[in-house]
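Work through the exercises below with the sequence and the 3D view at hand. Try each task before reading its solution.

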Amino acid sequence: MKSVDHLLSIYKSVHLNKNNIITHFIGIPLILWSAALVFATVTFDVAGVSTNLMQVLAVVIFAYYLVLDIKLGLVAIALIAPIWLHAQSVVEMQSPYLIAAIVFVIGWLFQFIGHFYEKAKPAFFDDLKQLLIGPLFLVAEVCFALGLFNKLEKQVTAKALELRKKMTTE
């Protein structure tokens, strides 16, 4: 498995423009919320316990984040879980699929507007796993802005700049 600094570096290599990063702070939470809303509508029982697809995916994704980096993973859980829990709380509203679709499209519009500023394709075009890294990247950026994980920030930024340089020379 690739290290958290490597995965974040790949993501950051096409997210160096501040305008792009700002649009991602809007787009990614909207996409997470809308996907969680749809996944929360898929309910089933496991050993007599009622659950839904969103809860199962949340456990898997959060476990992945914790395996990548325990401290960053814990911060990710604290910041991302409320988005998913809110989506789950509105499952019973009228037309959840229509609302999710509209929010999803708006979220992706922000993403692609950001990449217009960046003048680089989204990271997931080359590696679908980067779709899972996007939310973790935002968490890391918040932590870096707060002065946390300085060593990780330096590693990620240095590798990202190196990767971006390779992209522009090819």
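**Exercise 1. Surface and burial**

Task: State how much accessible surface the chain has and what share of its residues is buried.

Solution. The accessible surface of this predicted model comes to about 9400 Å². Carbon and sulfur atoms account for 70% of that surface. Next, turn to the residues: of the 170 in the chain, 42% are buried.

**Exercise 2. Elements and overall form**

Task: List the elements of the chain in order, then decide how its radius of gyration relates to the globule rule.

Solution. Begin by counting: the chain has seven helices and two strands. Read from the N terminus, the order is α-α-β-β-α-α-α-α-α. The radius of gyration is 17 Å, and the globule rule gives 15 Å for 170 residues; these values are close, so the chain is as compact as a globular protein of that length. Along the principal axes, the C-alpha trace spans about 55 × 30 × 30 Å. Finally, consider contacts between residues at least 6 apart in sequence: 77% of them join residues at least 24 apart.

**Exercise 3. Charges**

Task: How many positive and negative side chains does the chain have, and how far apart are the centres of the two sets?

Solution. There are 13 positive side chains and 11 negative ones. The centre of the positive set lies 9 Å from the centre of the negative set.

**Exercise 4. Two residues with positive phi**

Task: Locate Ala-47 and Phe-149, and classify each by its accessibility.

Solution. Take Ala-47 to start with. Its phi is positive, about 55°, although Ala-47 is not a glycine. Ala-47 sits in the loop that runs between β1 (43-46) and β2 (49-52). The relative accessibility of Ala-47 is 80%, and exposed means over 50%, so Ala-47 counts as exposed.

Now take Phe-149. This residue is not a glycine either, yet it has a positive phi of about 55°. Phe-149 belongs to the loop between α6 (130-145) and α7 (150-169). With a relative accessible area of 23%, which falls between the 20% and 50% cut-offs, Phe-149 is partly exposed.

**Exercise 5. The surroundings of Thr-51**

Task: Is Thr-51 buried or exposed, and which residues does it touch beyond its neighbours within four places in sequence?

Solution. Thr-51 is part of strand β2. Its relative accessible area is 14%, under the 20% cut-off, so Thr-51 is buried. The side chain of Thr-51 makes a polar contact of 2.6 Å with that of Gln-55. Setting aside neighbours within four places in sequence, Thr-51 is in contact with Val-42, Thr-43, Phe-44, Val-46 and Val-56.

How values were computed. Residues numbered from 1 in each chain as written. Heavy atoms only, no water. Helix = DSSP H or I, 4+ residues; strand = E, 2+ residues; numbered from the N terminus. Buried < 20%, exposed > 50% of the residue type's maximum accessible area, 1.4 Å probe, protein only. Rg over C-alpha atoms; globule rule 2.2 N^0.38 Å. Contact = heavy atoms within 4.5 Å. Areas by Shrake-Rupley, 256 points an atom, 1.4 Å probe, with all protein chains shown as cover. Lys, Arg positive; Asp, Glu negative; His and termini not counted. Charge placed at Lys NZ, Arg CZ, Asp CG, Glu CD. Polar contact = N/O pair within 3.5 Å; in protein donor to acceptor, adjacent residues only side chain to side chain.
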